[in-house]
Amino acid sequence: MATTLSDKPGRTVIRPSGRRRRRTRPRETKNWIGGTISWLWLAIVIIPIYWVVITSFKAQSDYYLSNPMAPPTAPTLDNYQLVIESDFPLYFLNSLIVAVGSVVPAVLFSFMAAYAIVRASTNRFLRSVNWLFLMGLAIPLQATIIPIYLIIIRLHLYDSLLALILPSIAFAIPLSVLVLANFIRDVPKELFESMRLDGASEQTTLWRLAFPLTRPAVVTVSIYNALQIWNGFLLPVILTQSPDKRTLPLALWSFQGEYSVNVPAVLASVVLTTLPILILYVVGRRQLLSGLTAGFGK
């Protein structure tokens with residue numbers, strides 16, 4: 001059915017009448033393969049964690065008599081008490097000293113170096129220093145462990161916490177400089193120019209302008225370096241020998257030798273070792289994710 005209309009004298013326009021066709025929305029296809037793989041990956045991650053946690057609350061006799069995946073019928077904290085009484089607080093303090101003593105100097109030095117590299121990008125010396133930092137990302141710790149060991153011996157720092165702090169600072173700087181420099185480059189140059197016109201020095205601009213605006217990046221590199229140093233095993237096992245200088249990963253390894261049959265006690269030490277990392281991630285996860293995405297997404 002059509003309707004005849006007169007648009008202009010001597011001109012007839014024929015327009016079709018009737019209901020307009022509804023636009024059909026494209027059907028959303030479900031990604032069954034991706035969903036299945038995601039659930040499988042979630043099971044692979046969750047099941048070991050579940051087994052570790054429930055086993056740490058089991059008695060040693062119940063572990064060998066019951067189903068390993070079944071929850072404990074009579075939960076007990078004896079395993080945690082046994083681990084805490086085995087100098088676990090001392091190992092925790094050592095790990096805390098090494099982590100804080102490495103992260104704070106590394107982040108402060110990296111922030112100031114990144115600011116100098118970005119603000120004086122035309123300086124040839126600073127550009128060469130930037131390339132030197134980037135080259136540090138290509139050198140793995142395993143390839144330098146023998147030179148580090150010889151240097152620590154020559155400095156008479158073997159079997160001390162300072163022997164763990166100094167190499168950790170060196171290996172935390174390259175990535176920290178890279179991330180912080182990317183953030184500082186994203187700060188508008190007009191803000192730096194306005195600070196300079198107001199008579200602010202470079203040091204004032206560094207701490208009053210650049211530092212607040214790059215706080216997500218500072219938190220990101222701090223959390224990342226803290227996790228790497230907290231979980232470090234190679235440096236403690238090579239550069240320390242005394243039991244009172246052990247960190248948590250090395251102490252966990254010694255628990256496995258001391259309680260080779262008592263599996264629940266070993267897993268209780270695993271839970272206690274992981275708790276600080278989990279708390280740190282929960283507290284700073286938003287800053288960590290925003291820092292990673294903003295630092296490399298712009």
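Two aromatic rings, from Phe, Tyr or the six-membered ring of Trp, count as a pair if their centres lie within 6.5 Å. With that in mind, look at the model above, which is a predicted one. Ring pairs join F111, W207 and F211 into a cluster, and the structure as a whole holds eight aromatic pairs.

Let's begin with a pair formed by F92 and W230. Their ring centres are 5.6 Å apart and the planes meet at 75°. Planes over 60 degrees apart count as edge-to-face, so F92 and W230 form an edge-to-face pair. Where do the two residues sit? F92 belongs to helix 4 (residues 88–119), while W230 is in helix 10 (residues 215–230), so this pair ties together parts that are 138 residues apart in sequence. The two partners also differ in how they meet the surroundings: W230 is buried, at 8% relative accessible area, whereas F92 is partly exposed, at 31%. The cut-off for buried is under 20%, so W230 falls below it.

Now return to the cluster, and to two of its members, W207 and F211. The centres of these rings lie 5.7 Å apart with the planes at 55°, so the pair is tilted. Here the partners share one element: W207 and F211 are four residues apart in helix 9 (residues 202–213), which means about one helical turn separates them. How accessible are they, buried or exposed, or in between? W207 is partly exposed, with a relative accessible area of 33%, and F211 is also partly exposed, at 26%.

Conventions:
Residues numbered from 1 in each chain as written. Predicted model: local features only at pLDDT ≥ 70, side-chain atom pairs only at ≥ 80, totals over all residues. Heavy atoms only, no water. Phe/Tyr/Trp six-rings, centres within 6.5 Å; stacked < 30°, edge-to-face > 60°. Helix = DSSP H or I, 4+ residues; strand = E, 2+ residues; numbered from the N terminus. Buried < 20%, exposed > 50% of the residue type's maximum accessible area, 1.4 Å probe, protein only.
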